[in-house]
Amino acid sequence: MERSKQRFLKNMVGFSMVTWISFALGFIATPISTRLFAPAELARVSMFGTYTSLFCSVCYLGLDQAFVRFFRETPGRMTPRALMTFCLAVALGFGVVSSAVLLGFWRSLSGEIVGQPDFSIFLCLCLYSCSLVIFRFLSLCYRMEQNALLYTIQGVVHALLTKIAYLAVGFSRPTGRSAILALTALMAVFTVVFLILQRGRLDFSFPRQTDRDAVRELAKYALPLVPLSVLSWLNTSVSTLALKHLLGYEATGIFSSALGLASTINIIQTGFNTYWAPYVLENYQSDDRQRFYTVHRLMACMLTLFGLGITLLQSPVFLLLGKSYRSSVVFFPFLFLSPICYCLGETTGMGITISKKTYWTTLIYLFSSLANIGLCYLLIPPLGISGAAMASALSAILTLLLRTAVGERYYRAILNYRCLALTIGLMTAASFLNLLLSGVWKYAALILVLALACALFRAELRTLATTAGQVLAALRGHIRKEERHGR
């Protein structure tokens, strides 16, 4: 196997380990949380996560993406360490200032999260958000250095704390407030520890390396991403927010638990996305676009088969949940479409990032967010929680199509859109069959869709099997080499 391909697969697998382990922890945590917490209490924890995500999206000021884009092409006289320190200092400083400004609105903010004014919840919102900002840049540092081992260790500890450890309070006080307090305390300690461990990656002399031209170049790239971050958050969270206001906390808790299970697709998505952006920016000038197209085809195949496979196995999975949460099984597959479409968009819309036309992404997400809001308020009243899942899926498909059209305009890497159409069509068909059918007819139909997917993706499956064989052969060769050196 050629060295560049072997390196790509090695790094992709390495950066995927956090996702695999996080999935395992989340798979353990979901049944525990749905048995410890009532749906309304779990919804309060979910709303806390929703608002901290918004806070962070604004505080980043687009500098997290600017750090990724300019890490290998640092602006002005900046070194990568100075760039990282500058981006972190500005984002964290903005977070502290924003916390002070929001102090005058603590009653309404905490009320939106837990249903009543609570100053301790507001403090948790600020502290947890600032901790996430720090963690984001520390994690990006390992990612851009392509240090899969340290990235994995840091990510696993973070997942352990935020997915399982804080649930311990549920055994004595199963309330959303107690869970939020425990989660914030654990996140703060984790952030301080890893900030100390990675202090060598900070360069506090960065002001001497920061000139006006460097700041202007960073701002030109980053600031257009701020509204994009808010729109991306809105597009992801609008279903949850609409459910809370239209149907209440209990429906929100049921929907959130299903979202947690649907995140299993992140096993493929997150590990891929983590390494894909640095890989594209490092190799797009080589004109080897056939490899980009091959990656697109293989990702479409894996995402589709994984989504259909989990849909087929949903009944035993949902038996792990508390009884109050099992009604979400009917709309469960719709929730897969959002992460699938986002991941495919990374392979079809990379021209936007390469060309630095970030305003296009903002416009795409604006349209998608407006569509999501409109669909939620159109579908939730007659269809309930299922309507929220459908709205999320439809808006994700719109985002993918628009992102593909614009991205391919600036950097054409997709030779045809067959795999894109197959993924959308097969997953949408499975979602509606799961919603409309029941009993043996439902499973017979889902088996047929999965068999059809295997037939249509047979060329991609052969490539995946060949690649897997090459990886295993390379791994065995590496082990033998190490054994010979050991002797």
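Start with the whole protein chain: 54% of its 487 residues are buried. The model is predicted. Colour by secondary structure and 22 helices appear, with zero strands. Of the contacts between residues at least 6 apart in sequence, 83% join residues at least 24 apart. Switch on the accessible surface, which comes to about 21200 Å², with 66% of that area belonging to carbon and sulfur atoms.

**The nonpolar core**

Select Phe67, Ile113, Phe137 and Phe292. In the largest nonpolar core, which has 133 residues, these four touch the most other members. Next show helix 6, residues 119-144, which gives the most to this core, with 15 residues. Then centre on Phe67. Beyond its neighbours within four places in sequence, Phe67 is in contact with Pro80, Leu83, Met84, Cys87, Phe137, Leu140, Cys141 and Met144.

**From helix 3 to helix 6**

Stay with helix 6 and pick Arg136. Its side chain meets that of Asp64 in a salt bridge, 3.2 Å from N to O. This pair links distant parts of the chain: Asp64 is in helix 3 (residues 63-70) and Arg136 in helix 6, 72 residues apart. Which side of the pair is buried, and which is partly exposed? Asp64 has 6% relative accessibility and so counts as buried, while Arg136, at 25%, counts as partly exposed.

**Other salt bridges**

The count of salt bridges comes to nine. Go to helix 10, residues 212-222, where Asp213 and Arg216 sit three residues apart, about one turn of the helix. Their closest N and O atoms are 2.8 Å apart. Arg216 is partly exposed at 48% relative accessibility, and Asp213 is exposed at 52%.

Move to Glu408 and Arg412, a salt bridge with the closest N and O atoms 3.6 Å apart. Glu408 is buried, at 7% relative accessible area; Arg412 is partly exposed, at 45%. Finally, select Arg297, Arg418 and Glu460 together to see a network of salt bridges.

**A buried asparagine**

Select Asn372 in helix 18, residues 358-383. Its relative accessible area is 0%, so Asn372 is buried. Leaving out residues up to four places away in sequence, Asn372 touches Asn235, Val238, Ser239, Ala391, Ser392 and Ser395.

**The nonpolar surface patch**

For the last stop, return to the surface and select Phe432, Leu436, Leu437, Val440 and Trp441, which make a nonpolar patch of about 580 Å². Helix 20 (418-436) and helix 21 (439-456) each supply at least two of the patch residues. Zoom in on Leu436, which lies in helix 20. Leu436 counts as exposed because its relative accessible area is 67%, and exposed means over 50%.

Note on methods:
Residues are numbered from 1 along each chain as its sequence is written. This is a predicted model: local features need pLDDT of at least 70, side-chain atom pairs count only at pLDDT 80 or more; totals for chains, interfaces and linings use all residues. Side-chain values use heavy atoms; hydrogens and water are left out. Helices (H or I, at least four residues) and strands (E, at least two) are DSSP runs, numbered from the N terminus. Buried means under 20% relative accessible area, exposed over 50%, partly exposed in between (1.4 Å probe, protein chains only). Contact means heavy atoms within 4.5 Å. Accessible areas come from the Shrake-Rupley method with a 1.4 Å probe; for residues, only the protein chains shown count as cover. A nonpolar core is a set of buried Ala, Val, Leu, Ile, Met, Phe, Trp, Tyr and Cys residues joined through side-chain atoms within 4.5 Å. Patches are made of residues with over 30% relative accessible area and no salt bridge: like charges are joined within 9 Å, nonpolar side chains (Val, Leu, Ile, Met, Phe, Trp, Tyr) within 5 Å. A salt bridge is a side-chain nitrogen of Lys or Arg within 4 Å of a carboxyl oxygen of Asp or Glu.
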